[in-house]
Amino acid sequence: KTVLSIMLLSLLIISNPLTHWISIVLSSSLIGSIVKSVNLGQTWPGYMFYDPKDGYIYFADTCEIYVISGQCIIGEIPVYTPYPGETLPVMYYDNSTGYVYINLGSHIGVISGTQIIQNISLNQWIYSMVYDPQNGMLYAATGSSIYAINTVNNTISGETSICYGVTYMLVSPSNGEIYVATPNYITVLT
């Protein structure tokens with residue numbers, strides 16, 4: 001008789017904005033041990049997500065995106081946001097293409113692996129972005145318009161005018177409607 005033993009390991013990355021460190025935890029249980037801490041210098045750790053295609057962790061601060069593989073930083077991508085040093089860049093991952101989309105002020109950067117491979121220019125400041133995984137569209141709001149961007153070919157597919165001052169957008173996973181928050185209104189787009 002052969003006994004097969006499988007041990008499930010999980011990798012968890014914890015950011016600490018007060019100390020400017022990230023800790024990498026390797027665990028075979030719900031609570032693991034810190035296996036490495038990486039000092040990022042004078043950063044303000046923020047958004048991060050996992051790329052299942054490459055196994056990378058993308059970790060944004062106010063000036064750079066760090067690309068982490070396992071326990072090592074394998075890439076640093078400088079970013080320029082509308083308010084450098086104050087605003088964390090918003091990022092989305094497209095499962096179908098494996099690309100990362102990031103708000104870089106007046107354009108959207110398309111990241112593959114550790115490099116920006118394309119810029120999609122909107123010629124206006126981007127205030128909010130949201131990705132719809134059901135239709136593969138990325139929506140970006142500028143001062144008075146919302147753009148639909150096809151992530152298959154990274155082109156602008158459409159534009160609609162909207163009340164000035166978009167602060168946030170959300171896509172309903174049940175019906176694909178886009179909820180747009182502006183001062184005094186919530187607008188629903190289909």
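Strands here are DSSP runs (E, at least two residues), numbered from the N terminus, and two of them pair if DSSP finds at least two bridges between them. The model is predicted, so local features need pLDDT of at least 70 and side-chain atom pairs count only at pLDDT 80 or more, while totals for chains, interfaces and linings use all residues. Residues are numbered from 1 along each chain as its sequence is written, and side-chain values use heavy atoms, with hydrogens and water left out.

One open sheet has four strands in the order 12-13-14-15, with antiparallel pairing. Its edges are strand 12 (128-132) and strand 15; each has a single partner strand, so one side of each lacks a neighbour in the sheet. From one strand to the next, the twist averages 20° (axes are lines fitted to C-alpha atoms, and angles run from 0 to 180 degrees between N-to-C directions).

Moving inward, strand 13 (residues 137-141) runs antiparallel to strand 14 and is joined to it by five bridges. Strand 14 (residues 145-150) in turn pairs with strand 15 (residues 155-161) over six bridges, again in the antiparallel sense. Ala148 turns up in both pairings: it is the bridge partner of Tyr139 and stands opposite Gly158 in strand 15. The hairpin of strands 14 and 15 has four residues between the strands, and Asn154 takes a positive phi near 55° there.

A second open sheet holds three strands, ordered 16-17-18 and paired antiparallel. Strand 16 (168-171) and strand 18 (185-189) are the edges, each with a single partner strand, so one side of each is left without a neighbour in the sheet. Strand 16 is joined to strand 17 (residues 178-182) by four bridges, with Tyr168 opposite Ala181.
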